[in-house]
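Got the viewer open? Let's walk through this one stop by stop, selecting as we go.

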Amino acid sequence: MAYMDFAALQGTATASPANIAWPSRSRAESGLSALEWQVVALAQQDRLSSLEEPGKLSVALGMIFGGQRPNPKLADTRLEALRRIAVLAWHRGYALPRHEIRAFHEAGFTPEQYETLLASISRGRAALNQGTRQ
């Protein structure tokens with residue numbers, strides 16, 4: 001828990017952000033929220049095809065035969081960027097397209113969160129591989 005010394009602000013008319021010494025982000029804060037970790041866990045079950053839009057033939061066959069492909073896209077663009085990078089990482093490890101990494105960062109995620117995510121997925125992939133060899 002961070003401590004902020006408010007004694008220095010006593011007697012000033014307002015407490016402006018310039019007057020406060022904000023603590024720097026710690027490694028613990030560079031992680032993901034519980035909701036974001038749930039998205040990562042769910043992405044483990046998604047196929048790479050979930051990242052692509054269905055083709056014209058697929059849409060036409062769906063209309064004819066009534067089969068509907070579930071839309072795995074998330075409504076929140078930030079969480080969708082996380083889902084996309086997590087799906088790719090679960091399937092390809094560290095070999096991720098640059099445009100997806102850029103989209104991940106543009107969604108508001110930090111490089112520290114990116115590293116935490118890939119390290120966690122790498123451990124998960126290793127654990128899965130250990131389980132299949134036994």
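Start by selecting A86, which has its place in helix α3. A heads-up before you zoom in: this is a predicted model. Is A86 buried or exposed? Its relative accessible area is 0%, so A86 counts as buried. To see what surrounds it, show V40, A43 and I121: A86 touches these residues, once you set aside anything up to four places away in sequence. Now add V39 and draw a distance between the C-alpha atoms of V39 and A86. The two residues are 47 apart along the chain, yet you should read 8.2 Å.

**Zoom out for a moment**

Colour by secondary structure. How many helices and strands does the chain have? You'll find 5 helices and 0 strands, so to speak a plain α-α-α-α-α run from the N terminus on. Switch to a surface view if you like: of the 134 residues in the chain, 27% count as buried. Take the contacts between residues at least 6 apart in sequence, and 64% of them join residues at least 24 apart.

**The loop after α3**

Next, select G93, in the loop between α3 and α4. G93 has a relative accessible area of 12%, and therefore it is buried. Show L88, L118 and R125 as sticks; G93 touches these three, not counting residues up to four places away in sequence. You have already displayed I121 as a contact of A86, so pick its C-alpha and that of G93 as well. They sit 7.7 Å apart in space, with their positions 28 residues apart in sequence.

**Where α3 meets α4**

Select residues 77–92 for helix α3 and residues 98–106 for helix α4. The two helices pack at an angle of about 145°, and their axes are 9 Å apart. Turn the view until you can see one pass the other: α3 passes α4 in a left-handed crossing. Which residues make the contact? On the α3 side, show A81, L82, R84, I85 and L88; on the α4 side, show E100, I101, A103 and F104. Colour them by type and you get 7 nonpolar, no polar and 2 charged residues.

**Stop at F104**

Keep F104 of helix α4 selected and hide the rest of the contact. F104 is buried, with a relative accessible area of 0%. Leaving aside neighbours within four places in sequence, F104 is in contact with A81, L82, I85, F109, T110, Y114 and L117. For one more distance, try the C-alpha atoms of F104 and L79: 25 residues apart along the chain, they are separated by 9.4 Å.

**The rings**

Now for the aromatics. How many aromatic pairs does a search of the whole structure find? The search turns up 2. Begin with F104 and F109: their ring centres are 4.4 Å apart and their planes lie at 5°, so this pair is stacked. Both F104 and F109 are buried.

Then swap F109 for Y114. Here the ring centres of F104 and Y114 are 5.9 Å apart and the planes are at 55°, so this pair is tilted. Because F104 lies in helix α4 and Y114 in helix α5 (residues 111–133), the pair ties together parts that are 10 residues apart in sequence. Y114 counts as buried because its relative accessibility is 14%, below the 20% cut-off for that label. Put F104, F109 and Y114 on screen together and you have one aromatic cluster.

**Last stop**

Leave F109 showing and add R78. What sits over the ring of F109? Look for the charged end of R78, which is 3.9 Å from the ring's centre.

Technical notes: Residues numbered from 1 in each chain as written. Predicted model: local features only at pLDDT ≥ 70, side-chain atom pairs only at ≥ 80, totals over all residues. Heavy atoms only, no water. Axes fitted to C-alpha atoms, helices over the stretch in contact; angles between N-to-C directions. Helix = DSSP H or I, 4+ residues; strand = E, 2+ residues; numbered from the N terminus. Left-handed = near helix turned anticlockwise from the far one by under 90°. Contact = heavy atoms within 4.5 Å. Nonpolar A, V, L, I, M, F, W, Y, C, P; charged D, E, K, R; others polar. Phe/Tyr/Trp six-rings, centres within 6.5 Å; stacked < 30°, edge-to-face > 60°. Buried < 20%, exposed > 50% of the residue type's maximum accessible area, 1.4 Å probe, protein only. Lys NZ or Arg CZ within 6 Å of the ring centre and 35° of its normal.
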